[in-house]
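Subject: Structure handover and what was found in it

Dear colleague,

I am passing on the structure we talked about, and I would be glad if you kept it open while you read. The notes after it are meant to be followed residue by residue.

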Amino acid sequence: MQLTVPVETMVPISRFGRGTASSEFAKVGDGTPVTVMKNNHPAYFILNEHDYRHFRELENELVELKNEEARRQAFVLREGTPSF
């Protein structure tokens with residue numbers, strides 16, 4: 001799967017070794033995610049706590065939906081086609 005990230009969020013990993021990481025973390029604090037590039041490919045993503053929690057909640061919701069779908073399919077296989 002090809003990953004597409006906004007150019008304005010891209011930062012080379014070398015910037016973190018030069019003592020300029022604080023400006024990148026300031027961006028994250030202002031709500032802009034940072035995409036850390038290594039060998040011209042996205043390697044790491046830095047985001048704020050709010051966005052992290054939001055993505056974790058979405059991930060949990062997706063897991064719940066998949067579990068519900070699996071239970072529904074198991075019920076249909078066990079009981080036959082439901083008549084609604």
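What follows is a walk through the sheet, the helix that lies across it, and a few single residues.

Please keep in mind from the start that this is a predicted model, and that every value below was computed from it.

The sheet is a good place to begin. It is an open sheet of three strands, in the order β1-β2-β3, and its pairing is mixed. The strands at the edges are β1 and β3, each of which pairs on one side only, and from one strand to the next the twist averages 40°.

To see what "mixed" refers to, take the two pairings in turn. Strand β1, which covers residues 10-12, pairs with β2 in the parallel sense, and three bridges connect them. Strand β3, made of residues 41-46, runs antiparallel to β2, and here the two are joined by five bridges.

Some residues let you trace these pairings by eye. V36 in β2 stands opposite V11, and in β3 the bridge partner of V36 is Y44, so that you can follow a path from β1 through β2 to β3 by way of V36. M37 can be used in a similar way, since the bridge partner of P12 in β2 is M37, while in β3 M37 stands opposite P42.

How enclosed is strand β2 by the rest of the structure? Of its five residues, 34-38, four are buried, and the strand is therefore largely enclosed by what surrounds it.

The hairpin of β2 and β3 deserves a careful look, because its two strands have just two residues between them, and N39 there takes a positive phi near 55°. N39 is not a glycine, although its phi is positive at about 55°, and N40 is likewise a residue other than glycine with a positive phi, in this case near 65°. N39 lies in the loop between β2 and β3, and N40 is found in that loop as well. Are these two residues buried or exposed? N39 counts as exposed because its relative accessibility is 66%, and N40 counts as exposed at 72%.

Turning to the helix, α2 lies across β1, β2 and β3, and it runs at about 140° to β2. One residue of helix α2 to pick out is E24, which counts as buried because its relative accessibility is 2%, under the 20% limit used for that word. Leaving out residues up to four places away in sequence, E24 touches V11, R15, F16 and V34.

V11 appears in that list, and it has contacts of its own: not counting residues up to four places away in sequence, V11 touches F16, E24, K27, V34, T35, V36 and M37. V11 also belongs to the largest nonpolar core, which has five residues, namely V11, V28, V34, V36 and I46. As background for reading such a group, nonpolar side chains in soluble globular proteins tend to be buried together.

What about the aromatic rings? The count of aromatic pairs comes to one. The rings of F16 and F25 have their centres 6.0 Å apart and their planes at 70°, and because that angle is over 60 degrees the pair is edge-to-face. F16 counts as partly exposed, since its relative accessibility is 25%, and F25 is partly exposed too, with a relative accessible area of 45%.

Finally, there is G31, which lies in the loop between α2, residues 21-29, and β2. With a relative accessible area of 36%, G31 is partly exposed, because that value falls between 20% and 50%. Which residues is G31 in contact with, once its neighbours within four places in sequence are left aside? They are N48 and D51. By contrast, G31 and N67 are 36 residues apart in sequence, and their C-alpha atoms lie 32 Å apart in space.

If you want a route through the model, you might start at V36, with V11 opposite it, and go on from V11 to E24, one of the residues V11 touches.

With best wishes

Definitions and conventions:
Residues are numbered from 1 along each chain as its sequence is written. This is a predicted model: local features need pLDDT of at least 70, side-chain atom pairs count only at pLDDT 80 or more; totals for chains, interfaces and linings use all residues. Side-chain values use heavy atoms; hydrogens and water are left out. Buried means under 20% relative accessible area, exposed over 50%, partly exposed in between (1.4 Å probe, protein chains only). Two strands pair if DSSP finds at least two bridges between them. Rings of Phe, Tyr and Trp (its six-membered ring) pair if their centres lie within 6.5 Å; planes under 30 degrees apart count as stacked, over 60 as edge-to-face and the rest as tilted. Contact means heavy atoms within 4.5 Å. A nonpolar core is a set of buried Ala, Val, Leu, Ile, Met, Phe, Trp, Tyr and Cys residues joined through side-chain atoms within 4.5 Å. Axes are lines fitted to C-alpha atoms, for helices over the stretch in contact, and angles run from 0 to 180 degrees between N-to-C directions.
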